[in-house]
Structure formats: structure tokens, C-alpha cells
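Hi,

Here is the structure I said I would pass on to you. Have a look at it first, then read my notes below.

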Amino acid sequence: MKLVVVVRSILGVSAEADATRDADPEDLFGMSTAYVTMEADLGYDNAGKAALCFSSVDSTDFGAMVEEVEAILEAGAEETGTTFDSHADDHGYNWVVLDDDDPEDLLTSIHFAADTFIEQGYGSRLLAAVFAFDKSSTDHAYWIYSFRRGAYYPFVPKGDHERDSKTEFKLQSVLDGELGIEDDESYWYPLWPDRPGGYPWD
């Protein structure tokens with residue numbers, strides 16, 4: 001995942017200092033109806049993928065908490081069919097990437113993971129929850145929830161490190177009121193994939 005230095009700063013220390021309110025995992029459930037709106041009004045299908053991005057702490061307690069999250073997600077996979085992959089990227093960020101065609105299962109799993117971080121005192125390590133939508137195999141749009149800002153924002157990559165700002169503003173217009181959207185567009189930071197048409201966590 002190609003995160004520029006300024007994004008590292010904003011999703012980390014700077015955004016925490018500029019936070020407008022505490023992040024609330026319950027905000028994530030706004031995405032439940034947003035999935036329907038994205039498909040019905042905007043032609044974007046659920047990509048069947050969502051991810052939680054966080055920074056790690058070099059401590060036994062933090063490692064045990066992450067292992068607990070992964071163990072429960074693995075156990076839940078038998079019931080919901082939600083599979084997941086955990087990995088660190090080249091920039092030192094950690095990802096839990098979930099796969100499930102049922103958006104409610106994705107939301108439940110993401111919420112569980114985020115809530116566990118907060119309950120265990122590691123909410124400050126949460127950076128973003130990323131929800132993917134597709135129009136084609138290479139045409140993706142994302143809603144990104146910034147835990148440091150306590151709000152969603154749209155991200156629509158186009159080509160090689162270009163943004164489809166027109167579509168992003170359209171997503172904002174249609175979903176405003178349904179999601180708690182970041183009103184300061186300077187905080188709409190991109191999470192660039194390594195290749196055009198890829199996903200940010202690849």
C-alpha cells in the first residue's frame with residue numbers, strides 16, 4: 001500500500017491532535033444502509049471486502065489482544081462464512097482484511113474488531129476502516145472511516161495516483177445524512193493501492 005508521508009502523519013499524530021470528537025465503533029453501522037444506497041442510487045456493488053487498518057505496539061499485551069481478535073474472527077467464520085487475512089504492509093501498518101458477500105457480516109466483524117481495540121485500551125492505534133465497492137474488476141470506490149476524526153469520507157482512485165473528485169463529491173452528496181461525513185475535505189486522505197485497479201491493503 002503506497003501511503004505518502006503526509007497520510008502517515010494525518011492518520012496518526014496530526015489527526016489525533018485535530019480530532020473533532022471521539023471515534024465511536026457504532027458509527028460503522030451507518031454503512032449498513034449505505035450499501036443499499038450505493039447500489040440502488042449510484043450503481044456500485046458491494047465488493048465483498050472490508051478492512052481494518054491499525055498501527056501496532058511492541059508489547060505482549062497488545063499482541064495478545066490482536067491474537068484474541070483473530071481467534072474470534074476465525075471461530076466466527078464457521079457461522080458467517082466471513083474469511084479474513086492479517087498482514088503488515090511495507091509502511092509498518094497492519095491490516096485485517098475481511099471477505100464476505102454479505103455486508104452485514106462484514107460490518108459485524110469490523111465492529112467487533114474495532115470495539116475490542118477500544119475496550120482493551122488501544123483505540124488510539126486504530127487508523128481506518130475501509131469499505132470497498134465495485135463497478136467493475138478495476139473500477140473501485142471506497143468509504144473510509146477515520147477513527148482519529150470520527151467520520152467517513154469517500155475515496156475514488158482513477159488511473160495511477162489520480163482521484164475521481166467528481167465521483168467523490170457525488171458520493172458525498174448522495175450519502176450525506178446517511179453517514180457521518182467529514183466536512184473538512186482537507187482530511188479526505190487517499191489510501192493508494194500499489195497498482196491501478198488494486199485494493200489499498202494489497
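Let's start in the sheet. Strand E1 (residues 45-55) and strand E3 (residues 93-99) are antiparallel partners, joined by 7 bridges. One such pair is Lys49 with its bridge partner Asp99 in E3. Helices and strands here are DSSP runs, numbered from the N terminus: H or I of at least four residues for a helix, E of at least two for a strand. Two strands count as paired if DSSP finds at least two bridges between them.

Before you go on: this is a predicted model, where local features need pLDDT of at least 70 and side-chain atom pairs count only at pLDDT 80 or more, while totals for chains, interfaces and linings use all residues. Residues are numbered from 1 along each chain as its sequence is written, and side-chain values use heavy atoms, with hydrogens and water left out.

Now the whole sheet. It is open and has 6 strands, in the order E2-E3-E1-E4-E5-E6, with antiparallel pairing. Strand E2 (83-88) and strand E6 (151-155) are at the edges with a single partner strand each, so one side of each has no neighbour in the sheet.

E4 and E5 run antiparallel with 7 bridges between them, and they make a hairpin with 5 residues in between. There, Phe131 has Trp143 in E5 as its bridge partner. E5 is also antiparallel to E6, this time through 5 bridges, and Tyr142 is matched with Phe155 in E6. The E5-E6 hairpin has 4 residues between its strands, and Gly150 takes a positive phi near 65 degrees in it.

How many residues of E5 are buried? The count is 7 of 7, where buried means under 20% relative accessible area, exposed over 50% and partly exposed in between (1.4 Å probe, protein chains only). His140, Tyr142, Ile144 and Ser146 lie on one side, with Ala141, Trp143 and Tyr145 on the other.

Next door in E4 you'll find Ala129. Ala129 counts as buried because its relative accessibility is 0%. Leaving out residues up to four places away in sequence, Ala129 touches several residues, including Leu28, Ala51, Ile110 and Trp143; contact means heavy atoms within 4.5 Å.

Then there are the helices. Helix H2 (residues 31-42) packs on the sheet, touching E1, strand E4 (126-134), strand E5 (140-146) and E6, and its direction makes about 30 degrees with that of E4. Helix H4 (residues 103-119) packs on the sheet too, touching E1, E3 and E4. Axes are lines fitted to C-alpha atoms (for helices, over the stretch in contact), and angles run from 0 to 180 degrees between N-to-C directions.

H2 also packs against helix H5 (residues 165-175), at an angle of about 120 degrees and with the axes 11 Å apart. That makes H2 oblique to H5, since under 35 degrees counts as roughly parallel, over 145 as roughly antiparallel, 65 to 115 as roughly perpendicular and the rest as oblique. In this contact, Ala34, Thr37, Met38, Asp41 and Leu42 of H2 meet Lys170, Leu171, Val174 and Leu175 of H5.

With H4, H2 packs at about 145 degrees, and the axes are 10 Å apart. Here Met31, Ser32 and Tyr35 of H2 meet Pro103, Glu104, Leu106 and Leu107 of H4.

Cheers
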